[in-house]
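Please open the model in a viewer and keep the selection panel at hand. The stops below are arranged so that each selection leads to the next.

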Amino acid sequence: MMRKGTLLLLALSLYLVSWEVGAELSVKMVGNTEVYKADFAEIRCQYNFSENASMVMVQWFVNGPRGKRIRIAYSDLITRSKDENTNYANRIHVAGDSGEEILTIVNVELSDEREFFCQVDGLAAGIEEGRFHLKVFDPPELPVIEPVHNGVSVTDDSPSKIATCETSKGFPQPNITWYRNHSLLSHKNGQVHVITLVSKDSTGLFTVQSELQYKVTKEDKDSHFFCEVSYYVPGAVRTVESKRVNVTVHYPTTKVEMWRESPQGLVKEGDTVEIRCRGDGNPPSPITFSREQHPDEELEADNELLVLKEVTRGDSGKYLCRSLGLDSLDYEDVVGDFQLTVHYLDPAVVVPKDSEVMQKGENLTATCNALSSLETKTVWSKNGVEIKKGNVLHLQDATFDTAGHYHCEVTIPSLPGLHTRGSVHIIVQGIPQLRDVKKEVSMSEKVGKWVNLTCEARGYPRPIVTWSISGSPDWREVVRKETEDSVQTVMTLKVSRDTVATCNATNKIGVDTKIYTISSIPIIGTTLRNTAVDNSGVIIVVIVLSILLLALLGSILYFLYKKGKLPCGRSGKQEIINPFSTKEKTNKDDIVIEMKADKPENSGLLKGVNGDNKPPGDQ
């Protein structure tokens with residue numbers, strides 16, 4: 001590679017003879033001077049000649065050990081190359097055009113925080129270079145704070161260790177400051193002292209450890225301490241805070257305090273009540289509990305916690321707790337008190353009780369009351385739907401819809417968990433009543449169709465519902481539903497003729513009826529075809545019978561003719577020619593019929609079998 005560079009420089013020197021004397025060169029470097037570790041950096045080398053240059057040589061250098069420059073890349077107007085024997089061989093890329101060269105560094109390392117040089121050789125115009133200082137940043141890890149666990153005492157003469165804070169793997173070196181309840185803690189003799197340790201690993205990253213020492217007071221039992229880490233990033237300074245910690249502060253007891261730990265809010269019968277008593281000393285002194293009515297009777301408790309299970313109104317009253325005061329200066333007992341009130345709500349009393357039978361049209365007033373230590377609210381409901389607010393329910397002009405279960409709920413608005421319920425079952429007695437207004441229903445249906453007929457009746461006692469069918473024989477009941485005071489039935493029927501279906505609902509008080517009248521509609525297309533077939537058959541029979549009658553009549557006439565018993569149509573004798581004879585004229589033995597002429601109405605001539613009809617003169 002060095003040999004190639006030497007040849008390139010030799011070639012450049014050949015262009016020196018053609019360079020115009022007096023040309024000027026300027027170099028300027030720009031780019032992102034601050035980058036994150038593992039990111040990329042882009043450095044631009046911009047150069048300008050007062051006159052066009054026929055050959056330009058650009059070389060990139062960095063500062064090496066002991067200030068020695070190391071070339072990492074070079075280029076001319078034709079080729080660009082990297083020096084392979086440097087740390088940048090696999091992490092840089094050179095690009096650009098006339099007037100600008102761009103050096104791109106990928107996967108930036110901490111060691112890249114240095115100066116970069118861009119040297120431009122314009123031959124006869126001379127050599128100029130620019131320098132660029134790159135800064136690399138690597139944010140540290142989140143701070144880890146560790147408080148002391150054995151506590152600190154207000155009686156200590158010097159500041160006590162409160163906590164340690166550590167942040168690691170940052171570049172440049174981060175800084176740690178301490179806060180108490182958001183107030184900055186600075187070094188103060190006898191009050192605040194901070195110890196800081198800084199280390200650097202083999203990769204160049206910094207680790208900073210800090211210890212806070214602080215002289216506590218009793219008020220610091222509720223104080224929170226935290227550390228803040230500040231560090232540099234490209235173009236800014238950022239901070240990150242640790243979690244807040246609280247340390248145990250030891251101090252003597254001067255008073256005790258009692259409070260109900262659970263339940264929250266008002267107390268009701270059946271609750272488990274926890275009453276806690278705590279002195280303001282730390283560590284706390286032993287605690288005993290008692291009631292004001294019996295101050296010498298110690299209640300069973302778990303140190304500073306008194307638990308009362310399934311309390312009743314009898315547990316109401318004032319409770320006392322006493323600290324033995326062993327850690328106080330005068331060793332006097334310290335006493336506290338707490339007033340407990342247990343609220344109650346007695347079971348609801350409903351009048352009338354359980355169930356009540358009403359007649360249709362009657363009125364009824366029901367009440368729901370419950371004794372309570374607080375103001376109550378009463379709501380009546382039926383079938384899950386609220387129907388009335390207040391403890392009094394008025395039912396007027398009762399109907400079957402009035403019947404059912406009525407529930408009242410008594411609650412205490414200020415104590416939602418306390419409630420009681422009551423109920424009354426209202427029964428409305430009356431004759432059966434069909435739900436449908438129309439008692440007679442007429443319909444027309446095609447023959448062969450199945451029809452569903454519904455009948456639903458209410459009444460108390462519950463009615464008995466039956467069907468009576470006149471007409472179509474094919475029917476059956478498919479649905480029957482029964483409740484306390486109602487029956488619903490569905491019957492399906494196949495129409496074959498005009499039908500009357502009667503639904504009867506009866507109980508011991510009365511009866512109600514619904515009638516379905518179904519007119520059957522014949523299937524028209526099939527009837528016409530059958531009629532046509534039947535008529536054609538009748539015609540054929542008539543024709544056949546007519547032919548047979550004609551044949552029979554002809555046989556009779558022929559028979560009479562042969563016997564000579566057919567009269568002629570005129571007076572005198574006339575010879576009747578046998579149509580079956582082969583002779584042209586009849587002989588003496590032929591039949592001759594004599595006709596009397598005294599009755600003109602019988603003088604008609606008998607037509608011959610061959611159809612001739614001749615007057616007597618023509619014989």
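**A tour by selection**

Begin this predicted model with Trp 60. Beyond its neighbours within four places in sequence, Trp 60 is in contact with Met 29, Ile 43, Cys 45, Ile 70, Arg 71, Ile 72, Ala 73, Val 94, Glu 101, Leu 103, Phe 117 and Cys 118.

Next, add Ile 72, Leu 103, Ile 105, Phe 116 and Val 120 to the selection. Together with Trp 60, these residues touch the most other members of the largest nonpolar core, which has 31 residues. Strands that each supply at least two residues of this core include E1 (25-31), E4 (57-63), E5 (69-75) and E9 (115-121). Strand E3 (41-49) is also among them, and E3 provides the largest share, 5 residues.

Then select Val 148, Val 208, Val 229 and Val 233. These residues belong to another core, of 24 residues, that lies apart from the largest one.

Move on to strand E28 (residues 317-323), where 5 of the 7 residues are buried. Strand E25 (residues 287-291) runs antiparallel to E28 and is joined to it by 5 bridges; Thr 288 has Arg 322 of E28 as its bridge partner. E28 also pairs with strand E29 (residues 334-340), again in the antiparallel sense, over 7 bridges. Here Tyr 319 has Phe 338 of E29 as its bridge partner.

Finally, colour the chain by pLDDT, which averages 84. Strand E15 (residues 175-180) has the highest mean among the elements, 97, and strand E47 (residues 592-595) the lowest, 36. Two stretches to select are residues 1-21, where pLDDT stays under 50, and residues 568-619, where pLDDT likewise stays under 50.

How values were computed
Residues are numbered from 1 along each chain as its sequence is written. This is a predicted model: local features need pLDDT of at least 70, side-chain atom pairs count only at pLDDT 80 or more; totals for chains, interfaces and linings use all residues. Side-chain values use heavy atoms; hydrogens and water are left out. A nonpolar core is a set of buried Ala, Val, Leu, Ile, Met, Phe, Trp, Tyr and Cys residues joined through side-chain atoms within 4.5 Å. Buried means under 20% relative accessible area, exposed over 50%, partly exposed in between (1.4 Å probe, protein chains only). Helices (H or I, at least four residues) and strands (E, at least two) are DSSP runs, numbered from the N terminus. Contact means heavy atoms within 4.5 Å. pLDDT is the predictor's confidence in each residue, from 0 to 100. Two strands pair if DSSP finds at least two bridges between them.
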